[in-house]
Amino acid sequence: MINDLLDPRKTFGEAVIEAAEKNPDVVVLSADSSSGSGLGAFPGKFPERHFEFGIMEQGVIGFASGLATTGKIPVFAAIAPFVTARPYEMFRNDLGYMNQNVKVVGRCAGLTYDQLGATHHSIDDVAIIRTIPGVTIINPGDPVTIKKAVHAMINHIGPCYLKIGSPKMPVIYPEDVDFRLGKGIVMRDGTDVALIGTGTVLSKAVEAAKLLEQAGISVRLIDMHTLKPLDRDLILAAAREIGKIVTIEEHFIAGGLGSAVSEICSQEFPVKMKMIGIGDHFASNGPYEELIGQHGLQPAQICETTLKFLTT
Amino acid sequence: MNNKELLELEKSALEIRRNILRMVRDGKSGHIGGALSSAEIVAALYFNLLNIDPKNPRWIDRDRFVLSAGHKCLVLYAALAERGFFDKKILDTYTDLDSKIPGHPNMHKLPGVETNTGALGHGLSIAGGMAMGLKMNKSKARVYVLMGDGELAEGSNWEAASAASMHHLDNLLVFVDRNKLQISGPTIKVMSYEPLDERWRSFGWSVRIIDGHDLTTIVRSVKESPFEKGKPSVIIADTLKSKGFSFAEGKVDYHYWKANPEEVARADRDLNIIGEKLKVKSENIADDK
């Protein structure tokens, strides 16, 4: 139901089990991380298809690559920085360069491991993984699209990185939403400004769009759930038709969604842009809602930043 | 293995060394030290032990060979060419733009190459995953890995070693090419791994130490593996760096060599002497019959 609050990890785990029921090649690899990734039920259901490795993320990426060469579809979920920043070279060489059909899932991504501090935040994962040729990056913004993203990535042949958060998140979409990898979703149409949101803060962008509409601003709101390949047609249409773009992400401004959008616009149709995200500093620690508020990611802040952007 | 089979393998090892020289002889540079030290291991694998089909390099039940020490690629290219995976003319393209035989192997460019290695400490994990997948598929295929001894300082290897024993991957066999030299000097002085056999054993592996240039022992050891049921096996192969090029043997300076005409001529002479010896041996075997 729309607006229900659901646990993203539980949703993710249920979707992987569904996918594994349909596809016998799906196997799950754990770096002492399955239970914390919503996959606690997987080993009981598929004991022969669950491999525990303990805390050795770089090694698990290599094992996943090798398993994929034998026709398996490995799913490896763990805390986001430990499957991206830590084993970056394994991700690049063993999955990207070898083009292996492995699905890496970073959970508790962004700042959602709020009070655990900067070692456990993952606000650089998109920046580093998007430099790897051939890797699909998916950052769904609600439980319905998390589920659809899992099935889409299992059906897609090639290396994927899926990121999900940890606090409960509101259902934004109906069950029958048309979710396709590489195609952003226009959630509402408008003419004054394009807001492009992604992942854990999509719901904040949705609320911000409502506030802006109340302030008389006509908003085109786009959910950019696939960060690579990026939906260039949708971005260029927003640039041409509206001319003002605000990006919203729980990630460093360096290298994330805003950077990716500007790489397209600045070369093909330069427009004014505002990037809302985390600046050039490590984030602090504390309750999630307050923490993202330190980076202007609450709806009222997004609304205010957008209004200022539109008037300057 | 009878004398005739041994002779054939010795000839293969010689041709591998000739192919290694062929790739770099025209003033090119390459990691010859570790390629030459592992020539017997690779000859034994590709010309006796591996269950492979050059005409069907992606055959699902093939044995896999993972060159973890990707910089030893010259020995892999030399063996694959000799075994008929690709036209030997490709050996003359080493260092060319878009060559199918780059300075570290690329599985997308050349048939028979299983992995893209080069960064050290990756091969064992990938091979472990292959071994795991083959077991799941109930395949009889086995996975062989060639590692350098300098490479063993990479911590990722020991993650993989733990996991391979924990998951009882007895279809996995590692060769450590213990040539005892790396680019900065003697490996035990750069970062000691000794006692190497005890180290592997403590990680749950079954270990043998052999002479890595003794083809009979290499073949017999592999045929006797897994050395213990339920455990991965490692063969620590004691070798001589740059074996076969007399001027370079055991010298750290030849880890990476830029070929020059004088040394190429000496290498040619060295290999021709081996060739002559094998010819005599061949005639003697024929006379015995």
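In the predicted model, Leu152(B) counts as buried, because 23 C-beta neighbours fall inside 10 Å and the threshold is 20 or more. Leu152(B) sits in the loop that joins β3 (143–148) to α6 of chain B. Beyond its neighbours within four places in sequence, Leu152(B) is in contact with Met147(B), Asn157(B) and Tyr193(B). Ala265(B) lies 113 residues from Leu152(B) along the chain. The C-alpha atoms of these two residues are separated by 34 Å.

The helix that follows this loop, α6(B), spans residues 156–166. Helix α6(B) is mostly covered, with eight of its 11 residues buried. The buried set is Ser156(B), Asn157(B), Glu159(B), Ala160(B), Ala161(B), Ala163(B), Ala164(B) and Ser165(B). Asn157(B) thus appears among the buried residues of α6(B) and among the contacts of Leu152(B). The cover over the buried residues of α6(B) comes from both chains. Chain A supplies α3 (57–69). Chain B supplies elements including α5 (123–136) and β4 (172–178). Just after α6(B), His168(B) adopts a positive phi of about 55°.

The contact between the chains draws 20 residues from chain A and 20 residues from chain B. On the side of chain A that touches chain B, the elements giving two or more residues are α3 and α5 (88–97) of chain A. The most comes from α3(A), with nine residues. By class, the chain A side divides into nine nonpolar, eight polar and three charged residues. Helix α3(A) also helps to cover the buried residues of α6(B).

A helix pair within chain B was examined next. Helix α1 (residues 3–24) of chain B packs against helix α3 (residues 39–49) of chain B at an angle of about 120°. Their axes are 9 Å apart. The two helices are therefore oblique to each other, since the angle falls outside the range of 65 to 115 degrees that counts as roughly perpendicular and is not over 145. The crossing of α1(B) past α3(B) is right-handed. From α1(B), the contact uses Glu8(B), Leu9(B), Ser12(B), Ala13(B), Ile16(B) and Arg17(B). From α3(B), it uses Ala39(B), Glu40(B), Val42(B), Ala43(B), Ala44(B), Phe47(B) and Asn48(B). The residues of this contact divide into eight nonpolar, two polar and three charged.

Chain A was also described as a whole. It has 12 helices and 14 strands. Its radius of gyration is 19 Å, close to the 20 Å that the globule rule gives for 312 residues, so chain A is as compact as a globular protein of that length. Along its principal axes, the C-alpha trace of chain A spans about 60 × 40 × 40 Å. Of the 312 residues of chain A, 56% count as buried. Among contacts in chain A with a separation of 6 or more, 79% are between residues 24 or more positions apart.

One of the loops of chain A holds Ser37(A), between β2 (26–30) and α2 (42–45). Ser37(A) is buried, with 27 other C-beta atoms within 10 Å. Leaving aside neighbours within four places in sequence, its contacts are Arg9(A), Phe12(A), Gly13(A), Ala77(A), Ala78(A), Val105(A) and Arg107(A). Ile253(A) is 216 residues from Ser37(A) in sequence. In space, the two are 27 Å apart, C-alpha to C-alpha.

Terms used
Residues are numbered from 1 along each chain as its sequence is written. Chains are lettered from A and ligands numbered from 1 in the order in which they are written. This is a predicted model: local features need pLDDT of at least 70, side-chain atom pairs count only at pLDDT 80 or more; totals for chains, interfaces and linings use all residues. Helices (H or I, at least four residues) and strands (E, at least two) are DSSP runs, numbered from the N terminus. The radius of gyration is taken over C-alpha atoms; the globule rule is 2.2 Å times the number of residues to the power 0.38. A residue is buried if 20 or more other C-beta atoms lie within 10 Å of its own, exposed if 12 or fewer, and partly exposed in between; C-beta atoms are placed from the backbone. Two residues are in contact if their C-beta atoms, placed from the backbone, lie within 7 Å. Ala, Val, Leu, Ile, Met, Phe, Trp, Tyr, Cys and Pro count as nonpolar, Asp, Glu, Lys and Arg as charged, and the others, Gly among them, as polar. Axes are lines fitted to C-alpha atoms, for helices over the stretch in contact, and angles run from 0 to 180 degrees between N-to-C directions. Angles under 35 degrees count as roughly parallel, over 145 as roughly antiparallel, 65 to 115 as roughly perpendicular and the rest as oblique. A crossing is left-handed if the near helix is turned anticlockwise from the far one by less than a right angle, and right-handed if clockwise.
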